[in-house]
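Hi everyone, and thanks for making time. Please have a look at the sequence and the model on the screen, and I'll walk you through some of what can be read from the atoms.

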Amino acid sequence: MNKTKQNFQQYQRSSILIHAALLTGQVFFASFAVFINQTQGAVVAGDEVLRTMFMIMIPLFFLVTFVVSKLVAGKKLKLAKEVAELKTKMESYRAVNIIKYALLEGTVFFAIITYLLTGELLLLGFAVMIMLLFATYYPTKEKLVRELELNREEQAILEDPAAIVAEVVQR
């Protein structure tokens, strides 16, 4: 397996690409679900019990995954801050973000699937609201510096185009 070394600009570009690809997938799937519902109708239209169950499950599922995301991210960020090497901090930070993205994305897909099944627009509304929250997780340098509590020396390394801040394993 090859390791590709990344400076901060490359690291940031790949982080943005991951975020954008995941968000785009959510938007496309929601658009597809709306198209299917408009042309074919809901898969299980008229089932009030299922609709009510999903109307309760989606907000609860979101709350659970959001809290778990905050707890896991907080714990992993704390561990990352304690590491001395910047490269390890950056790799840990990317992993934390991917965990946060995955938990939110799972909730979005679940909400979209329930909309596809029931045709209930409120379920699609939940998915859109969670996608908007997901969009606020857009990776920025300022957010990275703040969350990892980087000192001035580490911040200066981010500015150096020759400095390696992460390594990515390529298969």
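I'll go from aromatic rings to helix packing, and then to a few single residues.

One thing before we start: what you see is a predicted model.

Let's begin with the rings. A pair of aromatic rings is described by the distance of the centres and the angle of the planes. How many aromatic pairs does a search of the whole structure find? The search gives 6 of them. Take F8 and Y11: their ring centres are 6.2 Å apart and the planes sit at 25 degrees, so this pair is stacked. The cut-off behind that word is under 30 degrees between the planes. Both residues belong to helix α1, which covers residues 8–40, and because they are 3 residues apart there, about one helical turn separates them. Are F8 and Y11 buried or exposed? F8 is buried, and Y11 is buried too.

There is also a cluster to look for: F54, F61 and F110 are linked by ring pairs. And one ring has a lysine for company, with K100 lying over the face of Y137, 5.1 Å from the ring centre.

Now to the helices. Two packed helices are described by the angle between their axes and the distance between the axes. Here I'd like you to find helix α2, residues 48–82, and helix α3, residues 86–118. Their axes come within 9 Å and cross at roughly 180 degrees. That crossing makes α2 roughly antiparallel to α3, because angles over 145 degrees count that way. Sorted by class, the residues in the contact of α2 with α3 are 18 nonpolar, 7 polar and 5 charged.

Let's stay with α2 for a moment, since T65 is found there. T65 has 8% relative accessibility, so T65 counts as buried; the limit for that is under 20%. Which residue does the side chain of T65 meet in a polar contact of 2.9 Å? The partner is the side chain of T107. L77 is in α2 as well, and with 11% relative accessibility L77 is also counted as buried. From L77 to K5 there are 72 residues in sequence and 22 Å in space, going C-alpha to C-alpha.

Over in helix α3 you'll find T88. T88 is partly exposed, at 28% relative accessibility. Its side chain makes a polar contact of 3.1 Å with the side chain of E85. Along the chain, T88 and V165 are 77 residues apart, yet their C-alpha atoms are separated by 8.3 Å.

K141 offers another pairing of that kind. K141 is placed in helix α5, residues 141–148, and is partly exposed at a relative accessible area of 24%. Q9 is 132 residues from K141 along the chain, while the C-alpha atoms of the two are 9.7 Å apart.

My last stop is a backbone angle. Most residues other than glycine have a negative phi, and most peptide bonds are trans. What is the phi of E149 near? The answer is 50 degrees, a positive value in a residue that is not glycine. Where does E149 lie? E149 lies in the loop between α5 and α6, the latter being residues 152–159. With a relative accessible area of 54%, E149 is exposed.

That's my tour. If you'd like one picture to take away, make it α2 and α3, roughly antiparallel, with T65 of α2 joined to T107 by side-chain polar contact. Thanks for listening!

Notes
Residues numbered from 1 in each chain as written. Predicted model: local features only at pLDDT ≥ 70, side-chain atom pairs only at ≥ 80, totals over all residues. Heavy atoms only, no water. Phe/Tyr/Trp six-rings, centres within 6.5 Å; stacked < 30°, edge-to-face > 60°. Helix = DSSP H or I, 4+ residues; strand = E, 2+ residues; numbered from the N terminus. Buried < 20%, exposed > 50% of the residue type's maximum accessible area, 1.4 Å probe, protein only. Lys NZ or Arg CZ within 6 Å of the ring centre and 35° of its normal. Axes fitted to C-alpha atoms, helices over the stretch in contact; angles between N-to-C directions. Parallel < 35°, antiparallel > 145°, perpendicular 65-115°, else oblique. Nonpolar A, V, L, I, M, F, W, Y, C, P; charged D, E, K, R; others polar. Polar contact = N/O pair within 3.5 Å; in protein donor to acceptor, adjacent residues only side chain to side chain.
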